[in-house]
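Work through the exercises below with the coordinates open. Each task is followed by a solution in steps.

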Amino acid sequence: MVLPAMLLILVFSYIPMYGLIMGFQDYDIFLGGFRGFFESPWVGLKHFEMFFDSPEFVRVMRNTIVISLLKLFIGFPAPILLALMLNEVRHMVFKRFVQTISYLPHFLSWVIVAGFVMSMLTTDNGSVNIMMQKLNLIEEPINFLSIPEYFWGILVTTGVWKEIGFGSIVYLAAIASIDPHLYEAASMDGASKFKQMFLITLPSIMPVVIIFMILAIGNLLSAGFEDILLLGVNPVLRDVSDVIDTYVYRVGIQNSRYSYATAVGLFKAVISVGLLTMANYIARRSGNSLW
């Protein structure tokens, strides 16, 4: 089993990294394959400098960082809170029902989720507009996905709804491994459920939380791709929806600037590795780290 796994990683993860040299070339796709890598002119850091000097650099980096931080500060603790609340539910039928309902959105593709969100927010019989009109909160329907100020909130809320249930599985498993005698001793000492949660449950699952926090910080520049591409399809939203991944897709695939897009992607990868290393170094001082 080890050898096939190693071959799989080598073929699909390491060999394709050879293509990163495109970021340092003016790659000519018409030369084809490996010939293009060997015969395309070498330009050094030209494409990196072009990206840094681009008028879109500030906008793309701002959107990437803001959306990533919103997902980190809102999306990361959400599964932990759900796991803590489900752990306190004693009615097993209700608990399993809530778990099933919260898990299901994870298994839906972003195409389906985006279509569902768009149908809810549309001005033509959208359920959100109808409800707000019934409550006299608005007089005319609002086209939410055409107003930049609403986009970040819609994006983060949709992401949390989709992943909160599935993300809580690991934390529920960690909670289940806690020695129940600790809760019995705390209860005999007069500790309330709230105090037991903060004095026993959270400290016990903290190693798992720290590991996932390290991974989340390492992916800080991965603000998203499918969700942003589908929900931010309106060109009006580009000023608030264009992140590194969608920028690479638009420039590299749609505009055929392969070397430039490779350079931007490599820049993101290098920063992500640096963030991951820094987060792991900080976490190591608490006794929990990836390496």
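**Exercise 1. Identify the residues with the most contacts inside the largest nonpolar core, and the elements that build this core.**

Solution. Step 1: apply the criterion. A nonpolar core is a set of buried Ala, Val, Leu, Ile, Met, Phe, Trp, Tyr and Cys residues joined through side-chain atoms within 4.5 Å; buried means under 20% relative accessible area, exposed over 50%, and partly exposed in between (1.4 Å probe, protein chains only).

Step 2: the largest such core holds 22 residues, and Ile80 and Ile205 have the most contacts inside it. Two or more residues each come from helix 5 (77–87), helix 9 (148–176), helix 10 (180–188) and helix 11 (193–218). Helices (H or I, at least four residues) are DSSP runs, numbered from the N terminus.

Step 3: list the partners of Ile80. With neighbours within four places in sequence left aside, Ile80 is in contact (heavy atoms within 4.5 Å) with Tyr171, Leu202, Ile205 and Val209.

Step 4: a second, separate core has 21 residues, including Trp110, Met132, Phe151 and Leu237.

Note on the model. This is a predicted model, in which local features need pLDDT of at least 70 and side-chain atom pairs count only at pLDDT 80 or more, while totals for chains, interfaces and linings use all residues. Residues are numbered from 1 along each chain as its sequence is written, and side-chain values use heavy atoms, with hydrogens and water left out.

**Exercise 2. Describe the surroundings of Lys162 and of Asn87.**

Solution. Step 1: Lys162 lies in helix 9 and counts as buried because its relative accessibility is 4%.

Step 2: the side chain of Lys162 reaches the backbone oxygen of Leu108 at 3.2 Å. Beyond four places in sequence, the contacts of Lys162 are Pro105, His106, Leu108, Ser109, Trp110 and Val113.

Step 3: Asn87 belongs to helix 5 and is also classed as buried, at 17% relative accessibility. Leaving aside neighbours within four places in sequence, Asn87 touches Lys95, Leu172, Ile175 and Tyr183.

**Exercise 3. Which residues of helix 8 are buried, and why do they line one face of the helix?**

Solution. Step 1: in helix 8 (residues 127–134), the buried residues are Val128, Asn129 and Met132.

Step 2: viewed down the helix axis, these residues fall within an arc of 95°, so they line one face of helix 8. The arc is that of the directions from the helix axis to the C-beta atoms.

Step 3: the buried residues of helix 8 pack against helix 7 (110–121).

Step 4: just after helix 8, Asn136 takes a positive phi of about 60°. Asn136 sits in the loop between helix 8 and helix 9 and is exposed, with a relative accessible area of 67%.

**Exercise 4. Which residues lie nearest the centre of the largest pocket, and which helix gives the largest share of its lining?**

Solution. Step 1: of the 28 lining residues, Lys71, Gly75, Phe76, Glu163 and Ala216 lie nearest the centre of the largest pocket. On a 1 Å grid over the protein atoms alone, a pocket is an open set of points where a 1.4 Å probe fits, with protein on both sides within 12 Å along at least five of seven lines; lining residues have an atom within 4 Å of a point.

Step 2: helix 4 (57–75), helix 9 and helix 11 each supply at least two lining residues. Helix 9 gives the largest share, 10 residues.

Technical notes. Polar contact = N/O pair within 3.5 Å; in protein donor to acceptor, adjacent residues only side chain to side chain.
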